[in-house]
Amino acid sequence: MTGTFPNISISTERLVLRPLDEDDVPALAEMMNDEQVGAWTDVPQPYTEDMARDWVTERARAARETGRGLDLAVTEFLTQRLVGVIRLAKTNWHVRSTELSYIIAPWARGEGYASEAALATAQWLLGDQKFERIELRTAADNTASQQVAQKIGCISEGVLRGACIARVRAEDGTWSDVRTDYIVWSLLPEDLDGAGEQLADTGGFTAYPDWN
């Protein structure tokens, strides 16, 4: 069984998650050229606006229409500024599972946006969309990404040894590959109980139950 994700907008108290559009191209290209994004993702470096435009106009649409996944722009509610991206990939409609990842722009880090956006997406997936499992994979040394997984209630399932290729940039600007481990996390419907309250207690998230 193969399904497709709807064209949706998800709102929290501070954020709106919506489909990527061409107005996002300049900010998306700038965000993808950040050194941390280069280190922990397979995003090409340097990342051009043409690459961003292809993602927005072709690859994101194809992923949704074929049921493989969903790419959402994460924007500030008040300013409408692009602060990140949420991605769903490797979706299995029979098992009702998908892999979730997130990228936050360097100028928006430290605000709890990754946790807020990831939790809102998880609540929509496991609630409205009736998914049964969300999987996250974080590089062994990417502690910031691991903290997001923990904050939204994910359970660590184990380590995939040597399964991740991270990158290191030298002083001359060139990148080299470094093999490391993946930590695998999962989130099931029952794991969401109390996750919103936990983030609110840490100042990272205020639960907002209504979806646009």
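Which residue forms a salt bridge with Arg53? The answer is Glu22, with the closest N and O atoms 3.7 Å apart, and the views below start from the sheet and work back to that pair. This is a predicted model, in which local features need pLDDT of at least 70 and side-chain atom pairs count only at pLDDT 80 or more, while totals for chains, interfaces and linings use all residues. Residues are numbered from 1 along each chain as its sequence is written, and side-chain values use heavy atoms, with hydrogens and water left out.

**View 1. An open sheet of 8 strands, in the order S1-S2-S3-S4-S5-S6-S8-S7.** The pairing in this sheet is mixed. Its edge strands are S1 (10-11) and S7 (155-169), each of which pairs on one side only. Strands (E, at least two residues) and helices (H or I, at least four) are DSSP runs, numbered from the N terminus. Two strands count as paired if DSSP finds at least two bridges between them.

**View 2. Strand S3 and its two neighbours.** Here 7 of the 7 residues of S3 are buried, where buried means under 20% relative accessible area, exposed over 50% and partly exposed in between (1.4 Å probe, protein chains only). In a regular strand, side chains alternate between the two faces of the sheet. Leu70, Leu72, Val74 and Glu76 point one way from S3, and Asp71, Ala73 and Thr75 point the other way. On one side, S2 and S3 pair in the antiparallel sense over 5 bridges, and Thr75 is the bridge partner of Val16. S3 also pairs with S4, again in the antiparallel sense, over 6 bridges, and here Val74 stands opposite Gly84. The hairpin of S3 and S4 has 5 residues between the strands, and Gln80 takes a positive phi near 65° there.

**View 3. From S4 across S5 and S6 to S8.** Follow the strands one pair at a time. S4 (residues 82-92) and S5 run antiparallel and are joined by 7 bridges, with Val85 standing opposite Ile103 in S5. S5 and S6 run parallel, joined by 3 bridges, and Glu99 faces Glu135 in S6. S6 and S8 run antiparallel, with 6 bridges between them, and Glu135 stands opposite Ser186 in S8. Because 5 of its 7 residues are buried, S6 is largely enclosed by the rest of the structure.

**View 4. S5, H4 and S6 make a right-handed β-α-β unit.** Right-handed here means that, with the strands pointing away from the viewer, the path from the first strand over the helix to the second runs clockwise.

**View 5. A network of salt bridges.** Lys90, Glu99, Arg133, Glu135, Arg137 and Glu157 are linked in this network. A salt bridge is a side-chain nitrogen of Lys or Arg within 4 Å of a carboxyl oxygen of Asp or Glu. One of the links joins the side chains of Lys90 and Glu99 (3.6 Å, N to O). Lys90 is exposed, with a relative accessible area of 62%, whereas Glu99 is buried, at 17%. A search of the whole structure finds 15 salt bridges.

**View 6. Val37 and its surroundings in helix H2 (residues 35-40).** Val37 counts as buried, at 3% relative accessibility. Leaving out residues up to four places away in sequence, Val37 touches Met31, Met32, Val43, Ile103, Arg109 and Arg167, a contact being heavy atoms within 4.5 Å. Val37 and Arg167 are 130 residues apart along the chain, with their C-alpha atoms separated by 9.6 Å.

**View 7. The salt bridge of Asp34 and Arg109.** Their side chains meet at 2.7 Å, N to O. Asp34 lies in the loop between H1 and H2, and Arg109 in the loop between S5 (97-104) and H4 (113-128), so the pair ties together parts that are 75 residues apart in sequence. Asp34 is buried, with a relative accessible area of 15%, and Arg109 is partly exposed, at 34%.

**View 8. Back to Arg53 and Glu22.** The salt bridge between Arg53 and Glu22 has its closest N and O atoms 3.7 Å apart. This pair links distant parts of the chain, with Arg53 in helix H3 (residues 49-65) and Glu22 in the loop between S2 (15-19) and H1 (25-32), 31 residues apart. Arg53 is partly exposed, at a relative accessible area of 32%.
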